[in-house]
Each structure stands twice: as C-alpha cells, then as structure tokens.
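Here are a few exercises to work through with the model open in your viewer. Try each task before reading its solution.

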Amino acid sequence: MIAIQNEDVDIGNLIENAKSAGTGAVVVFDGIVRDDDILEMELEAYEEVALQELETIAADATRLHNLLHVDIIHRIGHLSVGENILIIVVSAGHRDGAYAGSRYIIEEIKNHVPIWKKELRKDGDRWVPGHHPHGAGMPR
C-alpha cells in the first residue's frame with residue numbers, strides 16, 4: 001500500500017500483510033508527532049507528485065535491497081502529539097535488507113517527496129525546512 005491520507009492505519013494489519021513465503025524480517029518505521037513544544041502539526045502535500053515519488057521510491061528500494069513487500073503511508077492534515085505521521089513497513093528475506101530498505105525509503109522521502117510540515121507551537125507556527133527539489137511554491 002502506497003498512500004497519502006488523513007486517516008490513521010492499523011499497523012498490526014500492515015505487519016501481517018508484509019509476511020509471505022521467504023520473509024525473514026519485517027521492519028516498521030512509525031514516525032510520530034513528538035512532544036517538544038509542539039501543540040499540533042499540519043501536513044500538506046502535492047499529492048499527485050508525492051504519490052508518484054513514493055511509488056518510485058518503493059520500487060527502487062525493492063530492487064536495491066531485495067525487499068519482498070513495501071507499505072508507505074504518509075498522513076496529511078492536522079495531527080496531534082503522539083499521532084502517526086509516516087508508517088513504513090518493509091519485509092525481506094534477511095534483516096540487513098529490511099533495515100537498509102526502510103532507511104533508504106525514509107531518506108528518499110525526506111529528500112524528494114513534496115510533503116510539508118508546519119509545526120503549531122506555543123511560541124508561534126513555523127514550516128519545517130525541507131530539501132525537496134520541487135522547491136518552487138513550497139510553503140516556508
């Protein structure tokens with residue numbers, strides 16, 4: 001499953017779906033809104049491009065790290081402290097591939113996918129700086 005959505009997901013169900021013949025490892029990354037003076041987070045995406053980028057990243061990770069399964073779900077909208085932002089579930093025959101694939105996916109998302117985070121803080125709001133090549137028109 002590759003998705004950008006407002007709704008949360010059942011991570012346990014994703015883990016079960018990642019298990020298949022030959023699976024020796026499942027790695028889960030669950031990025032959450034942390035409590036460091038953030039009251040809430042607002043996430044926006046250029047959804048059409050972001051979904052294409054996520055599909056490409058998943059395909060590249062699968063090829064480079066011999067992954068058997070990839071799920072990437074990135075949430076958008078208003079999220080509170082403790083809520084899931086990004087869930088990545090990968091499986092592979094061995095743990096090295098699963099860990100490397102998961103790490104590859106998160107780094108590629110940070111560098112290429114047009115999704116922006118605005119932190120709503122006690123001392124004011126701020127857009128989190130990103131490294132996206134799609135920079136034109138990015139919120140700041």
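**Exercise 1. The inside face of α2**

Which residues of α2 are buried? The model is a predicted one, so treat what follows as a reading of that prediction.

Solution. Start with the cut-off: buried means under 20% relative accessible area. Going along the helix with that in hand, you pick out V49, A50, L54, I57, A58, A61 and H65. Next, ask what these residues pack against: the partners are β1 (2–5), β4, α3 and β7 (115–121). Finally, check the helix length. With 19 residues at 1.5 Å a residue, α2 should span 27 Å. Its end C-alpha atoms are 26 Å apart, which agrees.

**Exercise 2. Do the same for α3**

Compare the expected span of helix α3 (residues 95–112) with the distance between its end C-alpha atoms, then find its buried residues.

Solution. Take the span as the opening step: 18 residues at 1.5 Å a residue should give 26 Å. The end C-alpha atoms of α3 are 25 Å apart, so the two values agree. Now for burial: G97, A98, G101, S102, Y104, I105, I106 and I109 are the buried residues here. They pack against β2 (25–32), α2 (47–65), β4 (67–75) and β6 (84–92).

Now zoom in on one of them. S102 sits in helix α3, and its relative accessible area is 7%, which means it counts as buried. Leaving out residues up to four places away in sequence, S102 touches V27, F29, I88 and V90.

**Exercise 3. How two helices cross**

Work out how α2 and α3 are arranged: parallel or antiparallel?

Solution. Begin with the axes, which come within 9 Å and cross at roughly 150 degrees. Angles over 145 degrees count as roughly antiparallel, so α2 and α3 are roughly antiparallel to each other. The crossing of α2 and α3 is right-handed.

Then list who meets whom. From α2 come E53, L54, I57, D60, A61, L64 and H65. On the α3 side they meet G97, A100, G101, Y104, I105, E108, I109 and H112. Sorted by class, this contact has 8 nonpolar, 4 polar and 3 charged residues.

**Exercise 4. Positive phi away from glycine**

Look at the backbone of D37 and N66, and say where each residue lies and how exposed it is.

Solution. A bit of background: most residues other than glycine have a negative phi. With D37, phi is near 70 degrees, a positive value. D37 belongs to the loop between β2 and β3 (38–45). Its relative accessible area is 46%, so D37 is partly exposed.

Turn to N66. Here phi is near 55 degrees, again positive in a residue other than glycine. N66 comes just after α2, in the loop between α2 and β4. At 58% relative accessibility, N66 counts as exposed.

**Exercise 5. Far in sequence**

How many residues apart in sequence are S20 and L68, and what is their C-alpha to C-alpha distance?

Solution. Place S20 to begin with: it lies in the loop between α1 (11–18) and β2. Then check its exposure: S20 has a relative accessible area of 41%, so it is partly exposed. Last, the pair itself: S20 and L68 are 48 residues apart in sequence, while their C-alpha atoms are 7.9 Å apart in space.

How values were computed
Residues numbered from 1 in each chain as written. Predicted model: local features only at pLDDT ≥ 70, side-chain atom pairs only at ≥ 80, totals over all residues. Heavy atoms only, no water. Helix = DSSP H or I, 4+ residues; strand = E, 2+ residues; numbered from the N terminus. Expected span 1.5 Å × (residues − 1). Buried < 20%, exposed > 50% of the residue type's maximum accessible area, 1.4 Å probe, protein only. Contact = heavy atoms within 4.5 Å. Axes fitted to C-alpha atoms, helices over the stretch in contact; angles between N-to-C directions. Parallel < 35°, antiparallel > 145°, perpendicular 65-115°, else oblique. Left-handed = near helix turned anticlockwise from the far one by under 90°. Nonpolar A, V, L, I, M, F, W, Y, C, P; charged D, E, K, R; others polar.
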